[in-house]
Amino acid sequence: MTPKEVLEFAKEHNVKIVDLKFCDALGMWQHFSLPISKLKEESFKEGFGFDGSSIRGWQAIHESDMLIVPDPDTTFIDPFFEVPTISFICNIVDPITRENYTKDPRYIAQKADTYMKYTGIADTAYFGPEAEFFILDDVRFDQNEHCGYYFVDSIEGRWNSGREENPNLGYKTRYKGGYSPVPPTDAHQDIRSEIVLTLMQVGVEVELHHHEVATAGQAEINIRFAPLVKMGDNLMLYKYVVKNVARRHKKTVTFMPKPIFNDNGSGMHVHQSLWKDGKPLFAGDRYGGLSELAMYYIGGILKHARALCAFVAPTTNSYKRLVPGFEAPINLCYSSRNRSAGIRIPMYSPDPKQKRIEVRFPDPSCNGYLAFSAMLMAGLDGIENRIDPGEPLDKDIYSLTPEELKGVPSTPTSLEEALEALKEDHEFLMKGNVFTEDVINTWIEWKTEKEINEMKLRPHPYEFALYFDV
């Protein structure tokens, strides 16, 4: 839409409030609202002032003034507000220089897209994430000086098979048995369907939904692939809609990778492909029906995978998912059809337009703008430097002996290890000034000081079982 068309659209829908949404460094949407009378055509160029120092990892207090500029192409009517509200996804601008803010994740994605076009390799990068999540009925957690605990519950949870529910009807999803029984075992069909319809209402195209492997309401909704920046926007919308539809039903949702002990965690397998002049670049006569260019793209992803994990599996909890078993793709290799590899080549169709790769080690706790951008930059580096991905691994990786796995690299075992890899390997991210030094340094410092070090300070409940009687 043009700014003029946006104002006409708002008038047609009797809009009273404008809501401005933007993404912080860690991948959470922030927002503030104003009366519709404040929205003018020039607002889409001049923006609105706000305090950038209150956003995690952004401005210092002495340089806090920033501008938020709505993107008219992201216009939608917010489905969750009682008062008619028009929403925009926004860019962040420095009020003095009028330049885009280097720490704005959406701007990083825009720069990655621009760099790809500059190389001449491709003009479109398509991404299709499969972000899994848990639908829960109750969550409680606390950590203070004398106690630390978490409690999560779901009507579907297998641990409730013996609970008095007056009556307990018995249909509790088995551990690792949630893919994908019909109702009544699947208790959340209607919630997922409502999420799908709401996503379509706000302009996000959906392909399918289903129950996932774990007990306790694990779910997956696949949204259709889209170009890089658009998919970054869509993933933010996806999380927003999933959480708020669940809340309508007095449920809660978490995209935390591993909230349930001893069952499968939530991943975010990311399908990706490059196109140019309307033609797919990943289809060819190499392994799995891929092109030579696609093989080099895989080579780049595998070479930089451990550093990529700092952005695509960016929480301490991510590495409780990336462990042997539980279908976790910890082995950094590629294979056709094989879901135990870090990169899979889907073989559903011979159509060249459907030829793509699927990177399986990311999880939904990531900031999509940063994760997609980082993977694209790694893939482009692979193409530019003709990085050979090595031989595919078509065996069941989970059944291989340690001796057979000796030559297969694996994902980091902790966030700390991933950040160390990023420190050593980030030049590929800085091509075209896509990721700047201040972004990478701020990311490493924040994750180290605010997450890793804070976790190290606190006793873990299981330590009492291990050590109380020493």
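**Notebook: loops, helices and cores**

I looked up Asn-433 and found this residue partly exposed, with a relative accessible area of 48%. I'm working from a predicted model, by the way. Asn-433 sits in the loop between α10 (415–424) and α11 (437–457). Its phi is near 60 degrees, a positive value in a residue other than glycine. I noted that because most residues other than glycine have a negative phi.

Next I checked Lys-250, where phi is also near 60 degrees. I found Lys-250 in the loop between α5 and β13 (252–254). Is it buried or exposed? Lys-250 has 75% relative accessibility, so I put it down as exposed.

Then I went for cis peptide bonds. One joins Asn-166 and Pro-167, with omega about 5 degrees. Another joins Tyr-179 and Ser-180, with omega about -20 degrees. I traced Pro-167 to the loop between β9 (148–153) and α4 (189–201), and Ser-180 to the loop between β9 and α4 as well.

On to a helix pair. I read an angle of about 165 degrees between α7 (305–312) and α9 (368–384), with their axes 9 Å apart. That makes α7 roughly antiparallel to α9, and their crossing is right-handed. Leu-308, Phe-311 and Val-312 in α7 meet a set in α9 including Leu-370 and Met-375. I see eight nonpolar residues in this contact, and no polar or charged ones.

Last, the cores. The largest nonpolar core has 101 residues, and Leu-376 is among the four that touch the most other members. Helix α5 (228–248) gives the most to this core, with twelve residues. Apart from it I found another core, of 22 residues, including Trp-58 and Ile-86.

Terms used. Residues numbered from 1 in each chain as written. Predicted model: local features only at pLDDT ≥ 70, side-chain atom pairs only at ≥ 80, totals over all residues. Heavy atoms only, no water. Axes fitted to C-alpha atoms, helices over the stretch in contact; angles between N-to-C directions. Helix = DSSP H or I, 4+ residues; strand = E, 2+ residues; numbered from the N terminus. Parallel < 35°, antiparallel > 145°, perpendicular 65-115°, else oblique. Left-handed = near helix turned anticlockwise from the far one by under 90°. Contact = heavy atoms within 4.5 Å. Nonpolar A, V, L, I, M, F, W, Y, C, P; charged D, E, K, R; others polar. Core = buried A, V, L, I, M, F, W, Y, C linked by side-chain atoms within 4.5 Å. Buried < 20%, exposed > 50% of the residue type's maximum accessible area, 1.4 Å probe, protein only.
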